[in-house]
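This note sets out a few points on the structure shown below, for a colleague who wishes to read it at the level of strands and side chains. Each point may be checked against the coordinates.

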Amino acid sequence: DNSNNGGSTSGGTSSYSFMETIGDSLTFGGWGNTTSKILQTNYTNRAKNGAHLIGPTENDGYMVYQSTLVSEKCDLCCIMGGTNDSTDIVAGKIGELGTKDKTTYLGCYQTIIENLYEKNPKMAIFILTPPRRFDSTNAEYLKTLNDECKKLGEYYGIPVIDVYNNLGLNTITKSVLLNSDGLHFSGDGKIKLGTFVANQI
């Protein structure tokens with residue numbers, strides 16, 4: 001179940017009523033449930049397993065399309081993407097600010113952000129940097145994406161939540177926060193990420 005109707009919680013409240021998330025399997029897995037419960041919001045998860053940020057935009061396996069599904073009543077949207085885009089990033093498809101070239105990382109991200117503002121100009125948008133990974137994939141490009149996300153935040157004047165550097169995910173904690181694949185969050189990891197995001201918001 002990728003939806004949550006909010007409800008009473010001892011965690012606290014926020015000024016937001018409808019939260020939605022965009023992303024890949026790391027978000028599809030459910031950390032947003034914890035965030036929405038703490039903030040006491042309704043919640044819809046638009047993320048899909050295996051989703052890419054860069055690529056064709058006609059299905060929800062690509063995050064640009066996910067952004068077109070977000071409801072106009074959404075007043076809080078969190079975006080986290082890039083984990084599945086390693087081949088394109090290593091190939092230099094970062095892109096440039098001020099463009100919406102959907103063959104590049106920054107171009108797709110800018111398209112997503114502007115799609116969301118077209119839905120609701122009052123929407124609060126938070127960019128989450130993709131987290132560290134400890135599987136067999138060369139993860140050096142995630143450091144690059146961390147920097148690029150911060151550039152996006154500065155360009156649009158929107159908050160960036162630095163999951164990569166500040167979640168506390170490292171070689172010591174990975175056995176608790178991640179599954180054995182070294183990539184996807186465990187139950188404890190989802191709660192930690194969801195709580196971290198709620199506190200940042």
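1. Strand register, first partner. The model is a predicted one. Thr21 has Asn45 of strand β3 standing opposite. That contact belongs to a parallel pairing between β2 and β3 (residues 42-45), which extends over 4 bridges.

2. Strand register, second partner. Thr21 also has a bridge partner in strand β4, namely Cys78. Here β2 pairs with β4 (residues 76-80), again in the parallel sense, over 5 bridges. Thr21 is thus a useful residue from which to read both pairings, with Asn45 as its counterpart in β3 and Cys78 as its counterpart in β4.

3. Cover of strand β2. How many residues of β2 are buried? Of the 6 residues in this strand, which covers residues 18-23, 5 are buried, and the strand is accordingly described as mostly covered. As a general point, side chains in a regular strand alternate between the two faces of the sheet.

4. Cysteines. The structure holds 0 disulfides. Cys74 takes part in none, and the nearest cysteine sulfur to its own, that of Cys77, is 4.9 Å away. Cys77 is likewise in no disulfide, its nearest cysteine sulfur being that of Cys74. Because a disulfide is counted when the two sulfur atoms are within 2.5 Å, the separation of 4.9 Å leaves this pair outside the criterion. Cys74 counts as buried, at 0% relative accessibility, and Cys77 is buried too, with a relative accessible area of 0%.

5. Aromatic pair in helix α5. A search of the whole structure finds 2 aromatic pairs. One of them joins Tyr105 and Tyr109 in an edge-to-face arrangement, with 5.6 Å from centre to centre and 70° between the planes. Why are these two residues about one helical turn apart? They lie in helix α5 (residues 105-119) and are 4 residues apart, so about one helical turn separates them. Both tyrosines, Tyr105 and Tyr109, are buried.

6. Aromatic pair at Tyr155 and Tyr156. These two tyrosines also pair edge-to-face, with 4.9 Å between centres and 80° between planes. Is Tyr155 buried or partly exposed? Tyr155 has a relative accessible area of 45% and is therefore classed as partly exposed.

7. Charge over a ring. Arg132 places its charged end over the ring of Tyr164, at 4.6 Å from the ring centre.

Key: Residues are numbered from 1 along each chain as its sequence is written. Side-chain values use heavy atoms; hydrogens and water are left out. Buried means under 20% relative accessible area, exposed over 50%, partly exposed in between (1.4 Å probe, protein chains only). Two strands pair if DSSP finds at least two bridges between them. Rings of Phe, Tyr and Trp (its six-membered ring) pair if their centres lie within 6.5 Å; planes under 30 degrees apart count as stacked, over 60 as edge-to-face and the rest as tilted. A charge sits over a ring if NZ of Lys or CZ of Arg is within 6 Å of the ring centre and within 35 degrees of the ring normal.
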